[in-house]
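This briefing concerns the structure displayed below. Attention is drawn to strand pairing and to charged side-chain contacts.

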Amino acid sequence: MRVLLTGIAGFAGSYLAELLVREPDIEVHGVVHRSDRRIAHLAGQLHLHRGDLRNALWVSEVVEAVRPEYTLHLAAWSDVGGSWQQPWTTYELNIQCQLNLLEALRRWQPACRTLIVSSNEIYGLVDAADLPIDEATPFRPNSPYGVSKLTQDMMALQYFNSHRLPTIRARSFNHLGPGQADEFAASAFARQIAEIELGLREPVVRVGNLSAERDFTDVRDVVRAYWLLAQHGEAGLCYNIGSGAPRAIRDLLDTLLELSPAPIRVELDPARLRPSDVPRTYCDNRRLVQATGWQPVIDLRTTLHDLLDGWRAQLR
């Protein structure tokens, strides 16, 4: 069985690659744009294709050569805050790359089951009455990133409706774990704490809005849901992926501070505040659970411990 994974060298993609190479009788093909640092330990177990998904001809050639039975599309601009500074880059990467991929699949492998990874950011400015967020919650995207992911979601639906391409849409809520970039809150906290422990900065963690509540899940549980949906999700449908419980960002920081022996102060950094923030979001994951039997198995404290240890090792 041949599986094509875009974004294989990214944060979630690298964990999904680790999961797939452990599966029997799977030939894993991955699209790499720049660095393959995160998957270097899997050398020899992957078939890598180096190029740019914005190049439609190259994408077509890869799909023609691989002829995958499953495609999991994770490649994307994933920095919500950064999308305010670079909205066009966000749109270009997230929309054009997916369009090229779906066109290539339509031409060369129209029966390929294709998972498109969308985001909870498409729901945007949810009201308290919307909680928990299910798949029928209205879309109110409030960032350029949210608009780009909504376009990806709707494009996948359109290709199912228009061309019967068997697309499944995964609307993942916040995920975190070791190796995550420090554009994300928990990883930014963990990096600062590790730097303080190593004497690389003053004993102050600078933070943005700590009161916001989000639905956090370990990335290793999230990629397991991706693969289960690719196999068992109903084509044409969308599925929320998340724990189903809200946690305040302050709780993440407090746990990370507990995991460190260093005396540390906390200070607000206005530069870390977003132009628009939603007080509370969490998902209704029943559709995913009913379709796949998935449940998260890694508790948040373990995730944060692993995240902090990852930064300690990297900075040493």
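The points that follow cover the sheet first and the salt bridges afterwards. The model is predicted. It contains an open sheet of 7 strands with parallel pairing, and a search of the whole structure finds 24 salt bridges.

**Sheet and packing**

- The strand order of the open sheet is β3-β2-β1-β4-β5-β6-β11.
- Strands β3 (47-50) and β11 (238-241) form the edges, each pairing on one side only.
- On average, neighbouring strands of this sheet are turned by 20° against each other, direction ignored.
- Strands β5 (residues 113-119) and β6 (residues 167-172) pair in the parallel sense over 6 bridges; Ser119 has Ser172 in β6 as its bridge partner.
- Helix α4 (residues 144-163) lies across β4 (70-73), β5 and β6, and runs at about 155° to β6.

**Salt bridge between distant parts of the chain**

- Glu197 and Arg312 form a salt bridge through their side chains, at 2.7 Å from N to O.
- This pair links helix α5 (residues 185-197), which holds Glu197, to helix α9 (residues 300-315), which holds Arg312; the two residues are 115 residues apart.
- Glu197 is partly exposed at 27% relative accessibility, whereas Arg312 is buried at 15%.

**Further salt bridges**

- Asp284 and Arg286 meet in a salt bridge of 2.6 Å, N to O. Asp284 is buried, with a relative accessible area of 10%, while Arg286 is exposed at 54% relative accessibility.
- Salt bridges with shared partners join Asp182, Arg191, Glu195 and Arg201 into one network.
- In the salt bridge of Arg206 with Glu202, the closest N and O atoms are 2.8 Å apart. Arg206 is partly exposed at 22%, and Glu202 is partly exposed at 42%.

Note on methods:
Residues numbered from 1 in each chain as written. Predicted model: local features only at pLDDT ≥ 70, side-chain atom pairs only at ≥ 80, totals over all residues. Heavy atoms only, no water. Pairing = 2+ DSSP bridges. Helix = DSSP H or I, 4+ residues; strand = E, 2+ residues; numbered from the N terminus. Axes fitted to C-alpha atoms, helices over the stretch in contact; angles between N-to-C directions. Contact = heavy atoms within 4.5 Å. Salt bridge = Lys/Arg side-chain N within 4 Å of Asp/Glu carboxyl O. Buried < 20%, exposed > 50% of the residue type's maximum accessible area, 1.4 Å probe, protein only.
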